[in-house]
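This report asks how helices, enclosed spaces and individual residues are arranged in one protein chain. The sequence and structure are shown first, and the description follows.

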Amino acid sequence: MKFTQIPLHQDIYKALDKLNYHEMFPVQEKVIGKLLQNKDMIVKSKTGSGKTAAFVIPLISNIEWEQKEPQALILAPTRELALQIKEETDLISTYRRLKTVAIFGKQPYKQQMLDLKQRTHIVVGTPGRILDHIEKGTLSLSSIRYVVIDEADEMLKMGFIEKVSTIIEHITYPHTTCLFSATMPQQVQDLAQRFLKDAEYVEIQQSQEVNEQVHHYAYQVKEKEKMMMLEKVLVKQRPETAIIFANTQEKVKDICDRLYDLGISVDKIHGGMLQEDRIQNMKDFKRGSIRILVATDVAARGLDIQDISLIINYDMPWKPETYIHRVGRAGRANTTGTAISFINEYDEIRLQELETFIKQSLVIKDSYELLDMEVTKEDFLSLGTEIQQKEEKGKELTQEKFKLYIGGGKAKKIRAGDIVGAICEIDGVNGEDIGVIQVQEHQTYVDILNGKGLLVLEALQHKMIKKKKLRVEQAIEK
């Protein structure tokens with residue numbers, strides 16, 4: 001089924017075409033139409049199934065641009081997933097000019113508060129920080145029409161279910177609720193029963209199914225030999241991109257440091273890192289600036305990372321369902337991949353639980369051939385060379401968007417209407433070329449669309465805005 005076969009706002013069709021979103025995935029076929037009709041939904045769908053667009057598209061289509069307060073609240077278990085949802089929302093809503101704010105911990109509270117004071121259409125964030133803003137009165141829920149609970153089973157595992165319940169209890173305005181989860185443990189079912197009304201249940205695929213596009217097998221190796229085995233697997237496989245999963249932050253750091261010392265292009269991501277470092281490392285990996293990412297399971301759920309050729313389970317996961325989510329990083333979007341697991345002398349029970357869960361035996365390959373393999377320094381250095389940079393998702397859309405910095409804001413009594421008036425006076429520019437405007441205390445940021453950024457920049461550098469000469473330049477994206 002094509003996106004053009006469902007009734008959406010015209011500006012969404014334009015963005016979807018630029019993103020090459022033409023044919024819908026199964027979860028999108030079953031969810032978008034129902035959410036457009038404001039139907040509560042429970043959706044059991046594995047990671048990587050296209051579910052983000054399934055809830056983002058109807059929200060963007062139904063939201064009223066003129067409304068100042070947030071109309072949709074999306075709850076996500078991790079900061080990385082919240083940022084990914086915001087990125088997807090920003091791309092699809094480019095021509096609708098909607099503003100989405102991402103709210104999560106280990107980020108300056110004051111900046112989030114200032115963002116929420118602006119016209120905001122969609123808020124996406126983690127439950128803890130969302131609840132902080134609600135209780136401090138800096139996030140208004142009075143106009144919330146849509147609530148999305150994404151990765152509900154992960155919320156449960158991370159201890160967020162009670163906070164999710166408290167957040168929803170604060171929403172008194174009539175709203176549509178949609179819950180997504182890869183598995184349906186009893187507490188998630190209880191949450192749905194409590195807050196969803198006459199919900200339609202959709203199941204896309206059983207969570208224990210292993211992606212058929214991923215060739216997966218294992219090596220039996222002693223714990224003390226794992227690092228040596230990892231080095232030789234990397235040399236033999238020579239992956240364009242790879243994720244290595246370990247169970248602890250300390251082990252992630254040790255692996256990353258060792259591979260870095262060997263000259264391999266590598267970085268890491270785990271929950272103990274500074275937020276800006278986690279975000280930057282993820283960005284670098286997604287665009288191909290680094291070849292290998294070493295991660296805890298914070299990177300295993302719901303992240304849209306394309307073209308991963310190799311997954312290595314350095315440690316067997318503590319729970320069998322985690323294996324599905326790790327391996328699901330490869331073989332996405334009709335590509336193929338390989339997943340290799342290291343099974344040590346203590347993993348027998350975990351292996352049995354995994355094979356019971358996925359209803360198949362894991363192929364065990366002979367490890368001695370690899371352990372006896374000779375490798376040289378040059379072999380490792382070849383894994384440190386740059387790989388082909390990946391094309392940024394929505395590149396055509398982002399190239400059309402140009403962010404302006406204007407050196408004046410509320411302190412100089414600058415309003416969004418003043419900015420719109422000045423820009424619309426420029427020959428060849430109209431209101432459809434103006435995207436999101438953020439008027440802050442001392443500066444203003446404006447998205448200029450349709451490739452007219454340089455034209456507007458040059459014109460505003462020689463114009464007065466509200467009888468004031470303000471500094472105007474291209475904003476530097478962080």
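Helix H14 gives 3 residues to the lining of the largest cavity, the largest share. The model is a predicted one.

**The cavity and helix H14**

The structure holds 1 cavity of 30 Å³ or more. About 40 Å³ of space lies in the largest cavity. Its lining is formed by Met 316, Pro 317, Trp 318, Lys 319, Pro 320, Arg 350, Glu 353 and Leu 354. Divided by class, these residues are 5 nonpolar and 3 charged, with no polar residue. Spaces of this kind can be found by calculation: rolling a probe the size of a water molecule over the atoms shows where empty space is left.

Helix H14 comprises residues 348-358, and its buried residues are Leu 351, Leu 354 and Ile 358. These buried residues cover an arc of only 65 degrees around the axis, which puts them on the same side of H14. A general property of helices helps in reading such a pattern. An α-helix has 3.6 residues a turn, so residues three or four places apart point the same way.

The buried residues of H14 pack against three elements: strand S8 (214-220), helix H13 (320-327) and strand S13 (337-343). On the face turned away from this buried side, H14 carries the exposed residues Glu 348, Ile 349 and Thr 356. Just after H14, Lys 359 takes a positive phi of about 60 degrees.

**Helix H5 and the residue His 121**

Helix H5 spans residues 109-117, and within this helix Gln 112, Asp 115 and Leu 116 are buried. Viewed down the axis of H5, the buried residues fall within an arc of 95 degrees, so they line one face of the helix. The partners against which they pack are strand S3 (100-103), strand S4 (122-125), helix H6 (127-135) and strand S16 (434-439).

The loop between H5 and S4 contains His 121. Is His 121 buried or exposed? With 1% relative accessibility, His 121 counts as buried. Residues up to four places away in sequence aside, His 121 touches Ile 63, Glu 64, Trp 65, Gln 67, Pro 70, Gln 71, Ala 72, Arg 97, Leu 98 and Lys 99.

**Residues with positive phi**

Most residues other than glycine have a negative phi, and most peptide bonds are trans. Arg 97, one of the residues touched by His 121, has a positive phi, near 60 degrees. Phi of Lys 467 is likewise positive and near 60 degrees. The table sets out the place and accessibility of these two residues.

| Residue | Place | Relative accessibility | Class |
|---|---|---|---|
| Arg 97 | loop between H4 and S3 | 26% | partly exposed |
| Lys 467 | loop between helix H19 (453-460) and strand S18 (472-474) | 79% | exposed |

**The second largest pocket**

The second largest pocket holds about 460 Å³ of space. It is lined by 25 residues, of which Thr 78, Glu 154, Met 158, Asp 297 and Val 298 are the closest to its centre. Helix H4 (79-92), H6 and helix H7 (152-157) are the elements that give two or more residues to this lining. How many residues of each class does the lining of the second largest pocket contain? The lining is made up of 7 nonpolar, 8 polar and 10 charged residues.

**An aromatic pair**

The structure holds 4 aromatic pairs. In one of them, the rings of Tyr 217 and Tyr 219 have their centres 5.8 Å apart and their planes at 80 degrees, so the pair is edge-to-face. Tyr 217 counts as buried, at 4% relative accessibility. Tyr 219 is also buried, with a relative accessible area of 4%.

**The start of the chain**

Lys 2 lies in the segment before helix H1 (10-18). At 40% relative accessibility, Lys 2 counts as partly exposed. Which residues does Lys 2 contact, leaving aside its neighbours within four places in sequence? These contacts are His 22, Glu 23 and Met 24. From C-alpha to C-alpha, Lys 2 and Met 24 are 5.8 Å apart in space, and they are 22 residues apart in sequence. His 121 and Leu 191, by comparison, are 70 residues apart in sequence and 25 Å apart in space, C-alpha to C-alpha.

Note on methods
Residues numbered from 1 in each chain as written. Predicted model: local features only at pLDDT ≥ 70, side-chain atom pairs only at ≥ 80, totals over all residues. Heavy atoms only, no water. Buried < 20%, exposed > 50% of the residue type's maximum accessible area, 1.4 Å probe, protein only. Helix = DSSP H or I, 4+ residues; strand = E, 2+ residues; numbered from the N terminus. Arc of directions from axis to C-beta. Contact = heavy atoms within 4.5 Å. 1 Å grid on protein atoms, 1.4 Å probe; cavity = no way out; pocket = protein on both sides within 12 Å on 5 of 7 lines; lining within 4 Å. Points joined across faces, edges and corners; volume = space filled by probe spheres on them. Nonpolar A, V, L, I, M, F, W, Y, C, P; charged D, E, K, R; others polar. Phe/Tyr/Trp six-rings, centres within 6.5 Å; stacked < 30°, edge-to-face > 60°.
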